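Colleague: Could you walk me through this one? I'd like to go over the fold and a few side-chain pairs with you.

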Amino acid sequence: STRDLHKEHKMIECREIVDTVKQEAALGDKTVSADTPNIVLDKDGKVCDVCTDMQAEFAKNPGGLPAKRAGLIIAGCIGGAGLAITTICVPFVLPALRAVCLPYVPATTTQLANVSKALRGRSTNHPTLVDIGSGDGRIVIQAAKGGFAAHGVELNRWLVYFSRWSAWRGGVRGQATFARQDLWKSDMSKFNNVVIFGVEQMMNQLESKLEKELVEGSVVVACRFKFPTWKPVEEIGVGVDTVWRYQR
């Protein structure tokens, strides 16, 4: 109806006027006050009650309350914590995106004992050992305490830092070393003992790499999964705790 069109046209004019009031307030116009609101006229020069009421309301609350300092601090803390958690978690997630995934799965106490049995008699004549995918460093530290010059290769930087701290705490920092390194780019020829907690998908490729790089007489201890063509000289344990010893 004509009345509705006139009312709608009136509201459009009101919005334009209030927008002008907001701009003036943002520029520091002090004429708009909650106590003494200005009388607003429409384009025909008549008093606009709606615009006057809206202007008074805007003067009372021109843009909401400013953010409180405590709220900003809490928001900053939450954002910082989220970033820290992401930074720590990403290295644990990235292996799943690689062609061959070697995730961090801590060795059981039985597995550690079986690895130690597989390496018996190997800690003489300056033995060297590398743990491929050393994780939390327990295999390397255990070997270092047993007389090996032990080294861990690990891609996760946080596990490398933790392993170095554990070696220092265990008093074998000089005998147990760790490097953040890709196992496929690591030179295995300087080690005569190798330990690997692998996954089935990588054992064929790793067998070829070790066959080319290891010196004669080296011992390889595989945990969880066997090598596809090598014949083990000893099998220790049962189930998931089984380890296989290979003589090159």
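**Helix, sheet and side chains**

Modeller: Sure. Let's start with H4, which lies across S4, strand S5 (219–223), S6 and strand S7 (243–247), at about 20° to S7. Keep in mind that this is a predicted model.

Colleague: How many helices and strands does the chain have, and in what order do the elements run?

Modeller: The secondary structure comes to seven helices and seven strands. Reading from the N terminus, the order of elements is α-α-α-α-β-α-β-α-β-β-α-β-β-β.

Colleague: Which are the edge strands of the sheet?

Modeller: Seven strands make up an open sheet with mixed pairing, ordered S3-S2-S1-S4-S5-S7-S6. An edge strand pairs on one side only, and that description fits strand S3 (176–180) and S6.

Colleague: And by how much are neighbouring strands of this sheet turned against each other on average?

Modeller: Ignoring direction, the average turn between neighbouring strands of this sheet is 20°.

Colleague: What stands opposite leucine 129 in S2?

Modeller: S1 and strand S2 (residues 149–154) run parallel and are joined by five bridges. Across from leucine 129, the residue in S2 is alanine 150.

Colleague: Let's turn to asparagine 193. Is asparagine 193 buried or exposed?

Modeller: Asparagine 193 lies in strand S4 (residues 193–197). Leaving aside neighbours within four places in sequence, its contacts include Leu119, Pro127, Val130, Phe148 and Val219. The cut-off for buried is under 20% relative accessible area. Asparagine 193 has a relative accessibility of 0%, so it counts as buried.

Colleague: Which side chains make polar contacts with the side chain of asparagine 193?

Modeller: One polar contact, at 2.6 Å, joins the side chains of asparagine 193 and asparagine 192. Another, at 2.8 Å, goes from the side chain of asparagine 193 to that of arginine 122. That gives you asparagine 192 and arginine 122.

Colleague: Now the salt bridges. How far apart in sequence are the parts that glutamate 234 and arginine 120 tie together?

Modeller: The structure holds four salt bridges. In one of them, glutamate 234 pairs with arginine 120, with the closest N and O atoms 2.7 Å apart. Glutamate 234 sits in strand S6 (residues 234–236) and arginine 120 in the loop between helix H4 (109–118) and strand S1 (128–132), so the parts they tie together are 114 residues apart in sequence.

Colleague: How do glutamate 234 and arginine 120 count in terms of exposure?

Modeller: Glutamate 234 has 23% relative accessibility, and arginine 120 has a relative accessible area of 47%. Buried would need under 20% and exposed over 50%. So glutamate 234 counts as partly exposed, and arginine 120 is also partly exposed.

Colleague: Where do glutamate 213 and lysine 209 lie?

Modeller: Glutamate 213 and lysine 209 form a salt bridge, with the closest N and O atoms 2.9 Å apart. Lysine 209 is buried at 11%, whereas glutamate 213 is partly exposed at 23%. The two are four residues apart, about one turn of the helix, and both lie in helix H7 (residues 203–213).

Colleague: Which residue forms a salt bridge with arginine 138, and is that residue buried or exposed?

Modeller: Arginine 138 is itself partly exposed, at 30% relative accessibility. The closest N and O atoms of the pair are 3.1 Å apart, and the partner is aspartate 136. With a relative accessible area of 13%, aspartate 136 is buried.

How values were computed. Residues numbered from 1 in each chain as written. Predicted model: local features only at pLDDT ≥ 70, side-chain atom pairs only at ≥ 80, totals over all residues. Heavy atoms only, no water. Salt bridge = Lys/Arg side-chain N within 4 Å of Asp/Glu carboxyl O. Buried < 20%, exposed > 50% of the residue type's maximum accessible area, 1.4 Å probe, protein only. Polar contact = N/O pair within 3.5 Å; in protein donor to acceptor, adjacent residues only side chain to side chain. Contact = heavy atoms within 4.5 Å. Pairing = 2+ DSSP bridges. Axes fitted to C-alpha atoms, helices over the stretch in contact; angles between N-to-C directions.
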